[in-house]
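Q: Please take me through one part of this structure up close. I'd also like to see how that part fits into the rest.

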Amino acid sequence: MADGQPVGILVQLVEELNAGRIRVVDLTTRLGPETPVIDLPPVFAPSPGLTLTEISRYDARGPAWYWNVLNLGEHTGTHFDAPIHWITGKDLPENATDTIAPRKFIGPACVIDVTADVKNNPDFLLTPARVQTWELRHGRIPALSWVLLRTGWSARTTREDFINMREDGPHSPAFSRECSEFLAHERDVLGVGVETIGTDAGQAGTFEPPFPNHTTMHGAGKFGITSLINLDQLPPTGAVVIAAPLKIADGSGSPLRVIALAPA
Ligand code: MN
């Protein structure tokens, strides 16, 4: 084992990291009380934002230590959606944060840049044709990849701009139903990652079916990651994403630190 090739690769990985030839890119937003949470119509139960309550801070409550109590919804800030999150994935094996095989938290990143389209149309939806155009240039999306939709949306730093609510509901980009089906079934991706608050478009509650990306991806045992940043620091291919949620018992998702290893 000690002289085996895989060990050599891991030693080389550390050497490349130490030499700065591999960059570690943080794709995660800062998680705090101001972190926006998705707005649902009032007939549905809302998810609370984060509150942080101090237990002690080097004081009478704990003279040498600082710590807090966290209260938050599983789907807050940069977070992971497990298949059990959606009714279509509820009966799948290994569908919750504590049962998904950890191998599935690591995969190559395919970054599809639609920033220019979204600038003109906040309701932009990625299509299979557009994915195939990307593949002509960058190669076929490998099985067990993360497909990351680069929209520029993370530049919207106020809650108002990020949610982009209008009289008829929120407006933000994502995937067409056909595109989610193509990625899940024709490309067998691990899942999709987005810069927006959810992996479905702002208007997706009006789509048929409603929230087609959640319906399709989670029904196929695939994952979602939301509220990503720094996708502009990744190449279209060649980076590796590590996205491991908290091991919450029967968890539907969790905030997480998403990091990418990318060529310098
Ligand atoms: Mn979610």
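A: Let's start with who touches whom: among contacts in the protein chain with a separation of 6 or more, 74% are between residues 24 or more positions apart. Contact here means heavy atoms within 4.5 Å. Keep in mind that this is a predicted model, where local features need pLDDT of at least 70 and side-chain atom pairs count only at pLDDT 80 or more, while totals for chains, interfaces and linings use all residues. Residues are numbered from 1 along each chain as its sequence is written, and side-chain values use heavy atoms, with hydrogens and water left out.

A good place to zoom in is W86 and the helix beside it in the contact list. W86 sits in the loop between β4 (79–81) and β5. Helices (H or I, at least four residues) and strands (E, at least two) are DSSP runs, numbered from the N terminus. Not counting residues up to four places away in sequence, W86 touches F211, H214, T215 and H218. Take H214: 128 residues separate it from W86 along the chain, yet their C-alpha atoms are 6.5 Å apart. W86 counts as buried because its relative accessible area is 19%, and the cut-offs are under 20% for buried, over 50% for exposed and partly exposed in between (1.4 Å probe, protein chains only).

Now look at α6 (212–219) itself. Of its 8 residues, 7 are buried, so the rest of the structure largely encloses this helix. The buried ones are P212, N213, H214, T215, T216, M217 and H218, and three of the names we just met as contacts of W86 are H214, T215 and H218. What lies over the buried residues of α6? The cover includes β4, β10, α5, β11 and β12.

Check both ends of α6, too. In the loop that runs from β11 (191–194) to α6 you'll find P209, and the peptide bond leading into it from E208 is cis, with omega near -5 degrees. After α6 comes G221, with a positive phi near 80 degrees. Most peptide bonds are trans, and most residues other than glycine have a negative phi.

That second habit has exceptions here. One of them is N230, in the loop between β12 (223–225) and β13 (239–243), with phi near 65 degrees. N230 is partly exposed, because its relative accessibility is 23%. Another is Y58 in strand β2 (residues 51–59), where phi is near 55 degrees. Y58 counts as exposed because its relative accessible area is 52%.

Go back to β4, part of the cover of α6, and you reach the metal. H75 (ND1), H79 (NE2) and D81 (OD) coordinate the manganese ion at 2.1 to 2.2 Å. Donors are N, O and S atoms within 2.8 Å of the metal (3.2 Å for Na, K and Ca), and water is not among the atoms, so sites may look incomplete. Along the sequence, the donor residues follow the spacing H-x3-H-x1-D. H79 is buried because its relative accessibility is 4%, and D81 is buried because its value is 2%.

Another cover element, α5, takes us to the nonpolar interior. A nonpolar core is a set of buried Ala, Val, Leu, Ile, Met, Phe, Trp, Tyr and Cys residues joined through side-chain atoms within 4.5 Å. The largest one has 27 residues, and L126, V131, I141, V147, F175 and L183 touch the most other members. Its largest share, 4 residues, comes from α5. Leaving aside its neighbours within four places in sequence, I141 is in contact with C110, V131, W134, E135, V147, L183, R187 and V189. A second, separate core of 23 residues includes V25, F80, L148 and F223. In soluble globular proteins, nonpolar side chains tend to be buried together.

Finally, step back to the whole chain. The protein chain holds 6 helices and 15 strands, and 43% of its 264 residues count as buried. Its C-alpha atoms fill a box of roughly 60 × 60 × 40 Å along the principal axes.
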